[in-house]
Amino acid sequence: MSLGPYTSFIVTSYLAAATVVALLIGWIALDYRSLRRRLREIEESGVSRRSGRSATDMA
Amino acid sequence: MTLIDLTNPSRFLSLTARLLPYLVAGTAILFAIGLYLSATAPDDYQQGATVKIMFIHVPNAWLSMFVWAVMSASALGTLVWRHPLADVAAKAAAPIGASFTFLALVTGSLWGRPMWGTYWEWDARLTSVLILFLMYLGLMTLWRAVEDPARAARAAAVLTLVGAINLPIIKFSVDWWNTLHQPASVFRMGGPTLDRAFLIPLLVMALAFTLLFVTLHVAAMRNEILRRRVRSLQMMQARAASNDMSAAATASQPA
């Protein structure tokens, strides 16, 4: 597949999109892990939810 | 499970746990098809291979406005019904919308340089999209600056609804003012002017990016619900510590 004289513009566009999407996915995944860890730590310190369910309970 | 049940944060978390794997798989499949169709699409007779930039620029430009529209609907939910998930939805959508707007600006510039001879022009379409990007950043800053989530939610909802005025300006800027940007060629009266060879990859990529938004939005909403759970538990923890200290102080006082 030849992209002609403007290859750098086309490739940079797709790379920029891939980078931004990867950063978004990474940020959301890391944020989730960090929040779950924080909830576990709070639960281990003896604080529980008013409903009595586990802090890390997803249901 | 009825629709009203989904507005309960705990039920929503349970639904996301079941839904996310399917959303991730659907997004990956659509991107695989979309990227294949984009790679094999023919060159345009005028633009050559740079037409391939359209397959990522246009979906990101559409989504930059769509996400703000979603946030505006959520803002109504916050102001009118004061529903807790409405602000969660708006706050979770903002960074994703900002990223799509950033990509629309960057890929637009990279498409503009070979086609128009310039990366940037202060015309109505480009400037109004830049304003949209700055509004996303402003909203994200507002949410971070106000500590009380309820107060931040109301202020952000008002700002979101005021910012929605920019959406028709972006959409019709190419008709109202003289601009380098081409007029609408897909969603227009009389049907698309785009050839099927370009229209089909464009629509598949648009669908892929839209499903990506739904997937990321659901995951970010789940995170935001957990963040609020952390905050309320930390407040309970602080209250318990404060009560313990008061009890200890009372016990140590001489009778």
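**Figure 1. Phe133(B) in helix H4 of chain B**. In this predicted model, Phe133(B) belongs to helix H4 of chain B. Phe133(B) has 18 C-beta neighbours inside 10 Å and therefore counts as partly exposed, since the buried class begins at 20. Leaving out neighbours within four places in sequence, the contacts of Phe133(B) are Ala98(B), Thr101(B), Phe102(B) and Leu105(B). The view also takes in Ser64(B), whose C-alpha is 8.4 Å from that of Phe133(B), although 69 residues separate the two in sequence.

**Figure 2. Helix H2 of chain B and its bend at His57(B)**. The axis of H2(B) bends by about 25° at His57(B), and Pro59(B), a proline, follows within four residues. The end C-alpha atoms of H2(B) are 44 Å apart, in agreement with the 44 Å that its 30 residues should span at 1.5 Å a residue. H2(B) is mostly covered, with 22 of the 30 residues buried. After the helix comes Arg82(B), which has a positive phi near 50°.

**Figure 3. The largest nonpolar core, centred in this view on Val67(B) and Ala93(B)**. This core has 66 residues, and Val67(B) and Ala93(B) touch the most other members. Chain A contributes to it through helix H1 (7-44). From chain B, the elements giving two or more residues are helices H2 (51-80), H3 (84-116), H4 (124-145), H5 (149-163) and H7 (196-252). Val67(B) and Ala93(B) are also in contact with each other. Further contacts of Val67(B), again without neighbours up to four places away in sequence, are Ile96(B), Gly97(B), Phe100(B) and Phe213(B).

**Figure 4. Helix H1 of chain A against chain B**. The secondary structure of chain A consists of one helix and zero strands. This helix, H1(A), has 38 residues and reaches 55 Å from its first C-alpha to its last, close to the 56 Å expected at 1.5 Å a residue. Its buried residues are Phe9(A), Ile10(A), Ser13(A), Ala17(A), Leu24(A), Ile28(A), Leu39(A) and Ile42(A). H2, H3 and H7 of chain B are among the elements that cover them. Over the whole of chain A, 15% of the 59 residues count as buried. Just after H1(A), Gly46(A) has a positive phi of about 105°.

**Figure 5. Ser13(A) and its contacts in chain B**. Ser13(A) is located in helix H1 of chain A. Around its C-beta, 24 other C-beta atoms lie within 10 Å, so Ser13(A) is buried. With residues up to four places away in sequence not counted, Ser13(A) touches Ile53(B), Ile56(B), Thr107(B) and Leu110(B).

**Figure 6. The contact between chain A and chain B**. Chain A supplies 26 residues to the contact and chain B supplies 34 residues. On the chain A side, 20 residues are nonpolar, four are polar and two are charged. The model has an ipTM of 0.88 and a pTM of 0.89. For chain B, the mean pLDDT is 89, and 96% of the residues reach 70 or more.

Conventions
Residues numbered from 1 in each chain as written. Chains lettered and ligands numbered in written order. Predicted model: local features only at pLDDT ≥ 70, side-chain atom pairs only at ≥ 80, totals over all residues. Contact = placed C-beta atoms within 7 Å. Nonpolar A, V, L, I, M, F, W, Y, C, P; charged D, E, K, R; others polar. Core = buried A, V, L, I, M, F, W, Y, C linked by C-beta atoms within 7 Å. Buried ≥ 20, exposed ≤ 12 C-beta atoms within 10 Å, placed from the backbone. Expected span 1.5 Å × (residues − 1). pLDDT = per-residue confidence, 0-100. Bend = angle between axes of the 7 residues up to and from the residue.
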